[in-house]
Amino acid sequence: MENKIEAVVRENVDTALEQADEFLKQASAATGEEAKELQAKAKECLARASRNMKSFYDKTSEEGREIASEVNDCVRSNPWRAVGIAAVGGLLLGLLVARK
């Protein structure tokens, strides 16, 4: 399930890309200064999409690092519990693979 941030970023990026595509289509039919203006608008839409994706990547990367740090702290404070969970997970995965 997609979270709200992903949905907003996806919508913003999709909208920016659609706008850029429309501006480029219009620019191909236009000439002179109008074509340059439409191309500039398309470039701005693409830059906006790029900024949105970079912002999303930065945010999710930071969240990933925080989660990894929390897991690392948990494993260091409860090593045997971590070994047990890994063993049970491996056993279940092995059973699933063996069924096929």
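## Salt bridges, core and surface

Glu63 and Lys59 sit four residues apart in helix 2, which puts about one turn of the helix between them. A helix here is a DSSP run of H or I with at least four residues, numbered from the N terminus. Bear in mind that this is a predicted model, so local features need pLDDT of at least 70 and side-chain atom pairs count only at pLDDT 80 or more, while totals for chains, interfaces and linings use all residues. Residues are numbered from 1 along each chain as its sequence is written, and side-chain values use heavy atoms, with hydrogens and water left out.

Back to that pair: the side chains of Glu63 and Lys59 meet in a salt bridge, 2.9 Å from N to O. The term covers a side-chain nitrogen of Lys or Arg within 4 Å of a carboxyl oxygen of Asp or Glu. How many salt bridges does a search of the whole structure find? It turns up five, including the ones in this table.

| Acidic residue | Basic residue | Closest N to O distance |
|---|---|---|
| Glu44 | Arg51 | 3.2 Å |
| Asp58 | Lys54 | 3.0 Å |
| Glu63 | Lys59 | 2.9 Å |

Asp58 and Lys54 are likewise four residues apart in helix 2 (residues 32-77), so about one helical turn separates them.

What about solvent access? Buried means under 20% relative accessible area, exposed means over 50%, and partly exposed is in between (1.4 Å probe, protein chains only). Glu63 has 34% relative accessibility, so it counts as partly exposed, and Lys59 is partly exposed too, at 38%. Asp58 comes out at 36%, again partly exposed, but its partner Lys54 is exposed because its relative accessible area is 52%. For the remaining pair in the table, Glu44 is partly exposed at 43% and Arg51 is partly exposed at 46%.

Now for the inside. Which residues make up the largest nonpolar core? The five are Val9, Val13, Ala16, Ala49 and Phe56. Helix 1 (4-29) and helix 2 are the elements that give two or more residues to this core, and the largest share, three residues, comes from helix 1. A core here is a set of buried Ala, Val, Leu, Ile, Met, Phe, Trp, Tyr and Cys residues joined through side-chain atoms within 4.5 Å.

Asn12 is another helix 1 residue, and it is partly exposed, with 35% relative accessible area. The C-alpha atoms of Asn12 and core member Ala49 are separated by 7.0 Å, although the two are 37 residues apart along the chain. Contrast Asn72, a helix 2 residue: Asn72 and Gln26 are 46 residues apart in sequence, and their C-alpha atoms are 53 Å apart in space. Asn72 is partly exposed, at 36%.

Helix 3 (residues 79-99) is where you'll find Leu92. The expected span of a helix is 1.5 Å times one less than its number of residues. For the 21 residues of helix 3 that gives 30 Å, and the end C-alpha atoms are 30 Å apart, so the two agree. Is helix 3 well covered or hardly covered? Hardly covered: zero of its 21 residues are buried.

Leu92 also belongs to a nonpolar surface patch of about 390 Å², made together with Val88, Leu91 and Leu95. Patch residues have over 30% relative accessible area and no salt bridge; like charges are joined within 9 Å, and nonpolar side chains (Val, Leu, Ile, Met, Phe, Trp, Tyr) within 5 Å. The areas come from the Shrake-Rupley method with a 1.4 Å probe, and for residues only the protein chains shown count as cover.

Last, the cysteines. Cys45 is buried, because its relative accessibility is 4%, whereas Cys74 is partly exposed at 41%. The structure holds zero disulfides, taking a disulfide as a pair of cysteine sulfur atoms within 2.5 Å.
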